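Grab a coffee and work through these exercises with the structure open beside you. Try each task before you read its solution.

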Amino acid sequence: MVEDNSIRFLLNGQIVCVTPDDPHMSLLQYIREQAALCGTKEGCAEGDCGACTLVVGKIIDGEIKYRALNACILLLAQIHGCEVITVEGLQGEDGALHPVQQALVEFHGSQCGFCTPGFVMSLYAHYRNQLPNDRQSLKIALAGNLCRCTGYGPIIAAGQAMYGYPKPVEPDSLKILQTITGTPQQDERLFAPTTETDLQELLQKYPDAVLWAGGTDAGLWLSKHLQDISSIILLGNIPELDFIRDDESGLHIGATIRYADVIELCADKWPAMGEVMRRIGSTQIRNSGTIGGNIANGSPIGDMAPMLITMDARLNLASAEGIREILLENYFLEYGKQDLRPGEYIHSIFIPKPARDIIFHAWKISKRFDQDISAVLGAFSYERKKGRINNLRIAYGGMAAIPRRAFLAEQALEGTCADDTSIAQACQALIRDFTPLDDMRASAKYREQVAKALLNKAFQDNPVSLATDKYQYE
Amino acid sequence: MSESVKNVGQPMEHDSALAHVTGQALYVDDLAEPADMLHLAFGRSTQAHAKILSMDLSKVRDFPGVTAVFCAKDITGKNDVSPMAGDDPLFAEDTVIYHGQALFVVAASSQRIARKAARLASITYQELPAILDIAAARHANSRLEDTQIMSAGNAREAILSASHIVSGCLNTGAQDHFYLEGQIAVAIPGEAQRIKVISSTQHPSEVQAGIAHVLARASNKITVEVRRMGGGFGGKETQALLIAAAAALVADKTGRAAKLRLDRDDDMAMTGKRHGFEMSYRAAVDEQGKILGIEMDLASDCGCSTDLSPAINDRAMFHADNAYFLPNITIRSERFRTNKVSATAFRGFGGPQGMMLIERVMDHIASEMKLDPLTVRQRNFYSKDNNITPYGQQVHDFEIPELVEELVKTSDYKTRRQQISKWNQGQQLKKRGISLTPVKFGISFTTTFLNQAGALLHVYRDGSVALNHGGTEMGQGLFIKVAQIVADVFGLPVTAIENSPTTTDKVPNTSATAASSGSDLNGMAAYIAANTIRDRLEELIISKHNCTKDQIVFADGHICFPGGKMTFAELAELAYLSRISLSSTGFYATPDIFYDRKTHKGKPFLYYACGAAVSEVEIDIATGESRVLRVDILHSTGKPLNPAIDLGQIEGGFIQGMGWLTSEEICFDDKGKLTTHAPSTYKIPTAADRPDYFNTALFNSKYEEPKTIGSSKAVGEPPFMLAISVHSALRAAIADARQHKDFTPLNAPATPQNILSELLAK
Ligand SMILES: Cc1cc2nc3c(=O)[nH]c(=O)nc-3n(C[C@H](O)[C@H](O)[C@H](O)COP(=O)(O)OP(=O)(O)OC[C@H]3O[C@@H](n4cnc5c(N)ncnc54)[C@H](O)[C@@H]3O)c2cc1C
Ligand code: FES
Ligand code: FES
């Protein structure tokens with residue numbers, strides 16, 4: 001394979017080599033407009049409907065890992081060196097349907113059919129990874145695919161049946177993928193550094209360049225807001241940012257680690273955090289979005305920051321000058337403004353090992369359980385020593401222009417037994433702590449009410465959550 | 001003439017299922033693009049109500065890649081894309097009447113360029129007072145038409161003399177269709193001023209006529225085609241014309257093919273939604289909970305233009321009785337004009353709002369009289385003697401009492417209701433609720449003349465059959481159902497019938513595929529066409545083989561008659577050689593329906609579709625979050641044409657209705673700008689919202705009525721309203737949490753915020 005600067009990948013078994021006129025072209029644009037594979041649809045161009053879902057295989061630790069992704073907010077350049085499978089690529093050479101397709105036909109899983117290729121691909125990713133196909137797992141896998149016709153029943157039923165068909169032989173693409181080398185670097189509009197040193201140099205030279213991790217935020221600037229970005233620096237090809245280290249001191253998460261990579265680890269350590277993470281975006285978003293990106297964007301409604309703030313997390317900010325560590329809670333200065341200096345980027349997040357008997361709660365409140373942005377996210381961590389609350393940290397998202405601690409509420413409760421009076425006082429303090437947002441997701445009043453409700457929950461013995469409680473039908 | 005293997009009644013898969021799952025099904029945006037095609041985007045108003053003082057489009061025109069820009073003054077014909085009233089301009093002229101209204105269209109070499117350029121217009125407005133809700137419209141007396149009154153008996157008198165009165169209010173929100181495929185059309189110019197338009201529309205004939213008006217051209221110059229839509233739900237009934245007309249205008253002006261595909265935000269901001277309603281009621285009841293008399297007030301936000309609002313609001317009135325006999329009733333219906341995008345058809349067409357109101361009344365009566373809401377409902381059902389609707393139609397063959405009784409058993413409603421009540425007592429943090437609500441939905445367009453349909457059928461010499469009719473396929477399974485009907489007439493497998501795209505030059509002057517009547521009307525038209533051909537074939541056999549009509553059997557691809565047997569293909573070839581026409585049209589007009597809109601009396605419906613659902617829900621009383629835990633549905637589609645398709649419609653309709661009543665909230669800011677204009681902010685149900693316990697069954701109807709194909713019943717809209725049980729159950733859970741202090745109202749949608757606000761209400 002020649003070492004040129006084209007974007008090279010495997011598309012339904014064929015190596016393709018593209019140098020797009022627009023280096024910021026999305027994968028969906030390429031697939032529909034250039035490759036004329038029109039099975040993959042556009043339903044929203046913002047990662048929310050799943051109509052553009054396709055499966056991308058990437059070599060990780062010597063084998064290909066397949067994941068469902070939204071093509072509408074993915075740059076073509078991001079899939080350099082990957083295997084892309086679209087709905088057109090599933091049938092066997094003899095034209096035989098793949099089991100997921102067969103099952104969808106037999107269970108009447110399509111009506112208008114527009115969402116169907118997206119569902120096929122989400123199910124295919126599930127099938128390819130041989131993940132459990134109980135209802136709950138399938139619902140998690142499919143919550144990022146909207147269907148307005150079927151009510152989902154037949155699609156879930158198809159998922160439950162898909163392992164019952166003869167398993168097709170999938171071609172092994174590892175060898176071919178390994179032949180693809182080089183980077184997808186284009187001209188000044190798109191860089192794809194492979195080391196931190198290169199990244200630091202680029203940032204010195206192009207301080208206004210947009211860093212691009214998963215692109216689940218930044219992708220919308222192109223697809224929805226039609227922005228012209230002068231240059232983009234992809235972070236996805238830098239192994240130094242792509243690490244998880246779980247040691248004595250705590251958990252170190254590289255900036256480009258995707259939700260999907262750490263969700264299980266986090267859920268093991270802190271079930272409440274795992275549950276919130278499971279509800280961030282959809283499977284497709286979690287397969288692409290990074291924790292670094294979630295923090296870097298400084299959003300007041302990002303889900304990770306409040307949780308990490310209560311866990312006393314630190315950020316490692318790196319630049320050509322070196323690394324500086326700051327408290328995550330000090331990173332957010334004001335709306336749209338963070339403590340990130342020119343030339344700096346987030347290198348990693350560090351969550352110190354918490355005290356052994358720490359109590360940690362986090363709840364995400366939104367109009368819809370899955371795939372929705374929080375109206376309010378409340379996170380709480382404390383220890384209880386002889387009935388008294390110690391080391392209490394409370395942080396909220398959606399309650400201010402930045403994710404922030406509720407200092408006054410913390411004061412009202414610290415050292416108390418979290419009796420009704422103290423909690424009531426803390427609730428009063430919350431009002432002074434925050435000026436909640438007021439928008440189409442929720443009114444300021446509701447946010448305030450819910451913030452108080454969550455604070456109450458945090459000190460109950462067995463707090464309930466409809467999002468997590470499994471319904472046992474007696 | 002008994003056919004052995006019948007297609008009708010079989011749970012056949014959707015005719016495009018294979019194409020859907022392989023990505024081969026072509027939607028408008030997937031068709032190969034003609035060379036040189038232009039891509040379009042609308043320029044939209046950024047004010048809800050304003051005079052346009054100046055519109056400078058030079059920056060738009062000069063943007064690299066832009067070919068042309070057109071606005072109102074470029075229209076040769078009429079600047080109108082309304083279905084009838086003449087108040088929906090294609091492009092605003094001197095005044096804008098809603099935020100997002102089309103001002104001009106840009107044609108460019110790519111969609112991205114067109115959309116970017118469209119944002120560069122510099123427009124100066126003089127802001128006018130904008131009416132953004134019903135209260136403001138009432139204050140300004142801004143109405144589409146006079147208040148309509150439907151009444152029977154004497155409600156006032158009944159209320160004055162009653163000992164028990166219940167009264168209250170209920171608001172239901174708007175809803176976006178959120179079809180997965182957004183609005184789109186491609187217009188291709190041809191010779192002699194002809195234009196072919198491929199449109200994602202439920203109403204090709206209206207798109208054709210509308211374009212003819214805009215271009216000042218005869219309808220025979222315009223052909224509109226649609227193979228399939230990626231969902232419609234009423235949103236592509238009148239709304240598709242705006243998009244198609246703009247594309248046709250550009251194609252006509254430039255002589256180049258033009259495609260207009262609305263981006264999701266544009267689609268949601270520019271096209272109509274379900275009407276938001278504000279309603280109130282006052283009912284007199286006896287000790288048994290029976291309604292003696294009732295007054296209902298329905299007010300709707302129709303948005304900026306007439307569109308189909310009169311008929312939609314009429315249908316709300318038609319369904320304010322739902323399954324109940326209301327001998328003394330006055331329904332007042334006000335239709336308000338506001339400065340929002342014009343509200344339009346959406347599955348149920350006003351019916352859901354009217355039905356929500358009477359179901360609320362039932363819950364209120366039950367609470368007041370301390371009865372099981374189900375008992376109150378049952379006591380008020382129509383019955384043999386009490387069977388006249390407020391509009392004077394008799395309710396025949398009323399399936400609901402029996403159907404509900406069966407559902408009560410299969411869902412174990414009574415035991416569960418008790419268990420829930422007990423469970424709730426032991427719970428501080430969560431509460432559950434359960435409710436059973438019925439649906440009776442009138443089938444037929446209430447505008448009588450719309451109840452007509454045409455089909456065109458060709459049999460080729462090889463025995464293959466090409467089927468065409470005026471109905472459009474949007475996922476509801478119309479094509480397979482009609483093909484099943486035709487296949488049975490010829491004794492063929494359904495695979496022998498080829499569905500061809502709905503096209504105005506094959507079947508003219510069609511009605512919209514709407515009002516759930518697609519298969520009733522088009523199925524009948526195709527049945528008639530098929531029988532015309534079959535009659536000819538039978539006569540041919542009779543003339544050659546000297547037998548009688550009833551000795552001829554069409555079955556399993558063969559035709560048998562005394563002394564002979566041949567394949568359908570052989571018969572087709574024989575007919576061809578005998579110079580017999582193998583092509584026929586079919587035409588059907590629903591008999592025996594009429595309606596006088598002046599008095600609101602008549603027999604507007606051919607029959608009623610019925611069903612019922614039990615929903616059980618749970619709420620978190622601290623946060624207002626809720627979840628549907630279990631759903632049991634029993635629904636009648638008469639003798640179903642295709643039970644698999646029908647089940648799909650029922651479950652899909654239910655979940656869509658559940659979305660309307662729970663998570664789907666349409667919000668505007670105080671300037672009249674839609675703030676929920678994309679799936680990031682507008683939340684339709686996901687797979688995770690579907691309860692695991694979801695039992696759907698078809699009611700085994702014993703009635704031979706209605707006079708439809710095989711006594712089947714329409715299924716498109718009615719199941720949507722089964723979801724009212726969810727809302728009713730949520731209200732019940734809240735009421736339990738409030739220990740039935742007083743009657744708990746709950747508006748729709750029941751978002752966590754709205755639920756919490758009721759829980760905390762003083
Ligand atoms: C459909 C959908 C659903 C979503 N749901 C949720 C949700 O439920 N909860 C939630 O919190 N978020 C949600 N998001 C937002 C988004 O997915 C997350 O914030 C995600 O974590 C962003 O990560 P990313 O890698 O995709 O960021 P990118 O889009 O790549 O980048 C985001 C921003 O961070 C900057 N950036 C990225 N990495 C670095 C770095 N290492 N150093 C400095 N700057 C950097 C980028 O320049 C950019 O400004 C959703 C998004 C979509 C499209
Ligand atoms: S088009 Fe909707 S998620 Fe990509
Ligand atoms: S089948 Fe129509 S959106 Fe899913």
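**Exercise 1. List the domains of chain A, then describe how domain 1 of chain A meets domain 3 of chain A.**

Solution. Keep in mind that this is a predicted model.

- Step 1: start with the bounds. The domain assignment splits chain A into domain 1 (1-176), domain 2 (190-234), domain 3 (242-352) and domain 4 (359-458).
- Step 2: get the spacing. Taken over C-alpha atoms, the centres of domain 1 and domain 3 of chain A are 28 Å apart.
- Step 3: look at who takes part. Domain 1 of chain A puts 13 residues into the contact, and domain 3 of chain A puts in nine residues.
- Step 4: find the elements on the domain 1 side. Strand 4 (63-70) and helix 4 of chain A are the ones giving two or more residues, and strand 4 of chain A gives the most, with four residues.
- Step 5: sort that side by class. You get six nonpolar, six polar and one charged residues.

**Exercise 2. Work out which helices of chain A face chain B, and which one gives the most.**

Solution.

- Step 1: count both sides. Here 63 residues of chain A are in contact with 69 residues of chain B.
- Step 2: pick out the helices. Helix 2 (99-106), helix 3 (116-128), helix 4 (135-142), helix 5 (153-161) and helix 17 (444-458) of chain A each bring at least two residues to the side touching chain B.
- Step 3: name the top contributor. That's helix 17 of chain A, with six residues.
- Step 4: check the chemistry. The chain A side breaks down into 35 nonpolar, 16 polar and twelve charged residues.

**Exercise 3. Track down the largest nonpolar core and one of its best-connected residues.**

Solution.

- Step 1: size it up. The largest nonpolar core has 354 residues, and those with the most contacts inside it include B:Leu40, B:Val106 and B:Val197.
- Step 2: ask where it comes from. Helix 7 (residues 240-254) of chain B supplies the largest share, twelve residues.
- Step 3: zoom in on B:Val197. Leaving out residues up to four places away in sequence, B:Val197 touches, among others, B:Ala185, B:Ile211, B:Val224 and B:Ala247.
- Step 4: don't miss the other core. Apart from the largest one lies a core of 43 residues, among them B:Leu478 and B:Phe568.

**Exercise 4. Decide whether B:Phe336 is buried or exposed.**

Solution.

- Step 1: place B:Phe336. You'll find B:Phe336 in strand 15 (residues 329-336) of chain B.
- Step 2: apply the cut-off. B:Phe336 has 24 other C-beta atoms within 10 Å, and buried takes 20 or more, so B:Phe336 is buried.
- Step 3: list some neighbours. Beyond four places in sequence, B:Phe336 touches residues including B:Ile134, B:Arg138, B:Asp301 and B:Cys302.

Note on methods: Residues are numbered from 1 along each chain as its sequence is written. Chains are lettered from A and ligands numbered from 1 in the order in which they are written. This is a predicted model: local features need pLDDT of at least 70, side-chain atom pairs count only at pLDDT 80 or more; totals for chains, interfaces and linings use all residues. Two residues are in contact if their C-beta atoms, placed from the backbone, lie within 7 Å. Ala, Val, Leu, Ile, Met, Phe, Trp, Tyr, Cys and Pro count as nonpolar, Asp, Glu, Lys and Arg as charged, and the others, Gly among them, as polar. A nonpolar core is a set of buried Ala, Val, Leu, Ile, Met, Phe, Trp, Tyr and Cys residues joined through C-beta atoms within 7 Å. A residue is buried if 20 or more other C-beta atoms lie within 10 Å of its own, exposed if 12 or fewer, and partly exposed in between; C-beta atoms are placed from the backbone. Domain bounds come from an automatic or database domain assignment.
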